[in-house]
Amino acid sequence: MHGGEPLMTVTLMGGDMQAQGHAQWLVDVLDLGANVQAAADMARFRHSQISNVLSLETPLYDLVGAQLAAMGHTVKSVSGEEVGGVQSIMYLAEPGSAAHTDGYYRAGSDFRKDGEAVGW
Amino acid sequence: MQREPIIFVGTSDLSGHFRGKSFPAADLPARLQRGVGLAPANIFMSAFGPIQVTPFGTQGEVFLIPDSTTRVLVSVRGEHGGAFFPGRHQDSGGRAVGFLSAHVLRRAVDRLHGETGLRVLATFEQEFTYTGVEAHPPQPYELNAYRRQGIFGEVLLAAMRQAGVIPDSFLAEFGPQQFEVTSAPALGVRPRMMP
């Protein structure tokens, strides 16, 4: 919500990945400036509390897996649905228009699962 | 056999365990004001139960104050299961205890709003294992699985509504004995859970 109006919605399925994935997705959008499709595409990680294993998607594993292992963490490389599946819609008002009277939608869907962003 | 009504007040930790203490129901008016004291050792109780060894020592008595708007009465199979209240922690000066999950969440949503102007309208789902129903091969979303759990779902939704949480849906999930309940969307953190 922004200014009392809906701005974007995001849902990420996948058991205990849900909270972890929502947090990573928000960092991608708010801190890194990704649009909602780019945020869906970006590599994610998942920590299992019981086994204390950190699963990183391959690009992340290649980037920091060795360093994390050297620090004593148990890490493994994963891909696909293990890091959940996300869908998102963002509403953007037309520049200069009154809020929520003129605008357009952006959408993103996860390549890791069925579904795609479609508009008409 | 004589029984005395007692009331439990608790709070959820980061692992989802609901911990606290009970007291005689007759003491409720006073407990709503001053709460129940929690021994300093509780600060170092891990999410999994054991008390951790810490270099910081045991200090900082905290109090758990029942939230008067969240009284829940539960009865299962005709047996009165007692009343409980979700509560909030505060120190002896009435200040919030900053490392507790509700306060961490409040700080996070406040910071998000402060830095971006965004507010979070969120719904929550809780997936859990209900051991009161016989194990059965997965029947996700099936009416059969829903009916086999009996009245548990009705009791659960009633408890949520008594505590001020609006139920949205209840369903059988993918695992054996696994169910899920969702709450309706709500903005941020309930003010009454804060000191």
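These are legends for a few views of a predicted model with chains A and B.

**View 1. Chain A from end to end.** Start with the overall picture: the C-alpha trace of chain A spans about 55 × 25 × 25 Å along its principal axes. Three helices and six strands make up its secondary structure. If you trace the chain from the N terminus, the order of elements is β-α-α-β-β-α-β-β-β.

**View 2. Packing in chain A.** How much of chain A counts as buried? The figure is 22% of its 120 residues. Now take the contacts in chain A between residues at least 6 apart in sequence: 45% of these join residues at least 24 apart.

**View 3. Helix 3 of chain A and its kink.** This view follows residues 58-70, the 13 residues of helix 3 of chain A. At 1.5 Å a residue the helix should span 18 Å, and its end C-alpha atoms sit 17 Å apart, so the two values agree. Where is the kink in this helix centred? Look at A:Val64, where helix 3 has a kink of about 55 degrees.

**View 4. Just past helix 3.** Step off the end of helix 3 of chain A and you come to A:Gly72. The phi of A:Gly72 is positive, at about 105 degrees.

**View 5. Where chain B meets chain A.** Here, five residues of chain A are in contact with six residues of chain B. Sorted by class, the chain B side that touches chain A has two charged, two polar and two nonpolar residues.

Terms used. Residues are numbered from 1 along each chain as its sequence is written. Chains are lettered from A and ligands numbered from 1 in the order in which they are written. This is a predicted model: local features need pLDDT of at least 70, side-chain atom pairs count only at pLDDT 80 or more; totals for chains, interfaces and linings use all residues. Helices (H or I, at least four residues) and strands (E, at least two) are DSSP runs, numbered from the N terminus. A residue is buried if 20 or more other C-beta atoms lie within 10 Å of its own, exposed if 12 or fewer, and partly exposed in between; C-beta atoms are placed from the backbone. Two residues are in contact if their C-beta atoms, placed from the backbone, lie within 7 Å. Ala, Val, Leu, Ile, Met, Phe, Trp, Tyr, Cys and Pro count as nonpolar, Asp, Glu, Lys and Arg as charged, and the others, Gly among them, as polar. The expected span of a helix is 1.5 Å times one less than its number of residues. The bend at a residue is the angle between axes fitted to the seven residues ending there and the seven starting there.
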